[in-house]
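Please open the model in your viewer and keep the selection tool at hand. The tour below proceeds stop by stop, naming what to select and what is found there.

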Amino acid sequence: MNYHILKKDELDGFIRKLATKMKVCAPVAKGHNNFAFEEVSSAAGIALDYIPTILPPKKYFMPPREKLLDFDISGDKPRDTASVDAEKLAIFGVHTCDLAGIQCLNMVFSEKPRDYNYILRKENIFIIGLECSRYCDGSATCALVGNHYPNGGYDLFFTELGDKFIIHVNTQKGEDLVEGMGLPKASSAYLESLDDVREEKRAVFQNEIGVDQKTLAGIVAARQESKVWQEIGSRCVSCGNCTNVCPTCYCFDMADTINLDMKTGFRTRTWDSCQFETFATVAGGENFRAERAGRQRHRINRKFSYPLDKFYRSFCTGCGRCTRTCMAKISLKDTLKALVAESRSVSHGTGQYSSSSLPLSGDESMVKG
Amino acid sequence: MTEEITHSNWKLRKGQIIAAKQMTASEKWFDIKLDDGRLDHEPGQFVQVELYGIGEAPISVCSSPTKRGSFELTVRAAGRLTKAMHALGKGDWVGIRGPFGKPFPVKLMTGNDLLFVAGGLGIAPLRSLINYVVDNRREFGKVDILLGCKTPKDMLFGDEVSGWQKRLDVNFSCTVDRSDPDWKGNVGLITGLIPGVTINPEKTFSVVVGPPIMYKFVIAELLKKGIPERQIILSLERHMKCGMGKCGHCQIDHPKNYYCCKDGPTFTYEEVKAAKKL
Amino acid sequence: MKTEKEPVKTAAKPKVAFFDFACCEGCQLQVANIGESLLDILGAVDVVEFREVMSEKYDKDYDVAIIEGSITDHHAEERLKKIRARSKVLIAYGACAAIGGVNGMKNSFDLDEIRQSVYGKDFKLFPSSPTRPIHQVVKVDYTINGCPIYPPELIEVLKHALRGLPYTVPDNPVCSECKLNENVCMYERGVSCLGPWTKAGCNSWCVNNGNICYGCRGEVTNPAKNANDVIGKYNLKPELVKNKFDMYNKCKEGDINVNRK
């Protein structure tokens, strides 16, 4: 598809026009270097230079609390209706890490049996990406998972070129919008400038762990008995912050509420967290993940190990939110580095840890220096 | 803009309880008829039972697919929902989603000898398979059933169990942890019954269902008998909430991170031996 | 569909009575201020005693007794035991009733010393005992935490009680709900907050409104083993957090004694 140009001082007009067509949400400063996606009506409130928001855009696709069913038990036989509030919405300024997060969730919820609540919302959301030319902060690991460059998952994608944005149009919906707004097509000179931006980024963004994704998956799988889990488990608060802010965590719980008439009610789902004490408890009382260490390990497995097998991609987007939000200073980067270091000392025969009985799914000898 | 989702996977089928019976102090049996046709399950699968306004619980179907018109559940009063379910009786309605999960590999087992090992409530999902086998007896080789429960009073499906016991084409043994004066059978752990069974390991499939603690010891005995790991079938217990492999609650700590509700609940021992807990 | 253990009879609405002990009666005020849902509640139950809004007294058994306040002398203890004997279901509501609340601060001092400072030289004429939450005196069927109670939770608990269903208070830290509300963390603002140790269920009501969490809902069952990591990240002293926690949670020590019995 095409590339178009928008002058930065025309962004306000762009947002205002867009807001006449649908609700527009964009990153907004909340103070203390915190940002959140919120509804905007002009470009004035938008924070173009922002670090990942408190909650990722997943909140628009899968709201923290959502009604799945309404029911009525007043008659002889119960009745229920499933419905969804799928508002037409544009999200402006989505970084490449969060675009990757949405792509991951799309795969999960499109897999059969499908989750139509998610799918119907997704169909009504128009996504406008925004490129990062440098790191947001030291918590990010986007280069590790290759998410510092755009890789689809948007309708339009904005990259800053001096006093202009060059816009990549990725869908027909996107094409219709920029054509409707009469944005000029980008000349070849702009495309060359875009190449330069991407080339400069190559030097800025470097794999933060020093190990490629596939090798890392192998290391995580092989380090299931690592003391690293005990160490982070001993600090963990079990508050669920890391999973709630994760763009690819989608675990949920469901509950029924009955109205005071005791005849009608509804069924809701709420984001849940594998870090919570009772997450893996069965009705008889047995807790299959009673220790914090095991729960932290489970979280890392679900980002770096399991999804590579199932969806052929990492479910860590590199956004760094889990590190920023942790009440106990548990850093993803440090955790991964510790696992890699431990793995090296084991493979060099200097480690004090016996090798795991679990099969390796990657080759530890591929660890780069 | 609120849109109705007519094809939502969250919608509930409506089941009416057509019979119910208290089986033991803590287990109740229900016969349920769906208003929109058959459940169409296979042995080993489960359903989500919704008590409107209280919530849902995953329950194994304990009747054989060869039973037409309705399906049966045996519910132990363990949690909030199952306790509330014990208050239900004939004529009451429940919501049903499912059937969910991977059934027992009946096709693979056809033509082979079968060794069933059931502990406690494990007899419920196994009964679905045992009755299927009994109804299609010619398709299978030798059949052994080993049953264990806490006390004689905890024995489930007593009439049916004595029916199996009387059959000449089924070998049946039973043991209790604690005896009572009327009990004339074995006393002790179910693992004690395994060495006494004569088997041809190459052509034997063993299906084991019971509390998590039972698996380790039973499997060790079966392996001693020489039964290949891929012919030992288990049904694992986890809290299966959505039934669709999404909500995350039933995921197993295993290199393959199986979802019990979708990849299981039935697994071969070969598949799950690397799990942290069975 | 009958799903409850003891179905509520539609003919006679359940008799509900409100009582208060040592407290500020702020939770009763929350009930009176509940707004529109109050009419729905009144449609579902018969309120037979409620000192803050009515003067009538009721002389039969209560279906549900809702108790506010903590127990601080033997008169209160006897009165509470009588109420318990007349009630099918007893709900402790508000921090004072549920965990002792601010009244528990009294337990940090020598009893006679604190009586003297309150009542002067004739303090012996005024009986007093260490503060206890309701469950340390009589059996409690349902607990509604909070100072004051979070009205939506009161309604939920009431509905559970009327249907004879158990109500589970979330045993996760307040952070678990606070994050869903996308609040800027109080620690990021440079203020210490008790959210990481306090039971959720209030929908992070205080933080949503710009306040910190004071721990009024009591501590989670299995709190973080090493709070120093949390506090250390934000350059705070552990004693500061401990002192803040004591404001509402001093009576927790009594629970340890109850468990040891």
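Which residue in β12(A) does A:M254 stand opposite? Select A:M254 together with A:R269: A:R269 is the residue of β12(A) that stands opposite A:M254. Please bear in mind throughout that this is a predicted model.

**First stop: chain A**

Extend the selection to strand β11 of chain A, residues 252-258, and to β12(A); the two pair in the antiparallel sense over seven bridges. Next, select the hairpin that β11(A) and β12(A) form, where five residues lie between the strands. Within this hairpin, A:M262 takes a positive phi near 60 degrees.

Now add strand β4 of chain A, residues 65-72. Strand β4 is joined by seven bridges to strand β12 of chain A, residues 264-271, and the two run antiparallel. To see one position along this pairing, select A:L69, which stands opposite A:R267 in β12(A).

**Second stop: the sheet of chain B**

Move to chain B and display its strands. Seven of them form an open sheet with mixed pairing, in the order β11-β10-β9-β8-β12-β13-β14. The edge strands of this sheet are β11 and β14 (266-268) of chain B, each of which pairs on one side only.

Inside the order just given, select strand β8 (residues 113-119) and strand β9 (residues 143-149) of chain B; they run parallel and are joined by six bridges. One place to zoom in is B:L114, whose bridge partner in β9(B) is B:V143.

**Third stop: B:N171**

Select B:N171, which lies in strand β10 of chain B. Which residues is B:N171 in contact with, leaving aside its neighbours within four places in sequence? They are B:V143 and B:D144. The C-alpha atoms of B:N171 and B:D144 are separated by 4.6 Å, although the two residues are 27 residues apart along the chain. B:N171 counts as partly exposed because 17 other C-beta atoms lie within 10 Å.

**Last stop: B:K184**

Finally, select B:K184, found in the loop between β10 (171-176) and β11 (186-187) of chain B. Is B:K184 buried or exposed? B:K184 is exposed, because it has 7 other C-beta atoms within 10 Å, and a residue is exposed if that count is 12 or fewer. To end the tour, draw a distance from the C-alpha atom of B:K184 to that of B:P152: the separation is 9.9 Å, with the two residues 32 residues apart along the chain.

Conventions:
Residues numbered from 1 in each chain as written. Chains lettered and ligands numbered in written order. Predicted model: local features only at pLDDT ≥ 70, side-chain atom pairs only at ≥ 80, totals over all residues. Helix = DSSP H or I, 4+ residues; strand = E, 2+ residues; numbered from the N terminus. Buried ≥ 20, exposed ≤ 12 C-beta atoms within 10 Å, placed from the backbone. Pairing = 2+ DSSP bridges. Contact = placed C-beta atoms within 7 Å.
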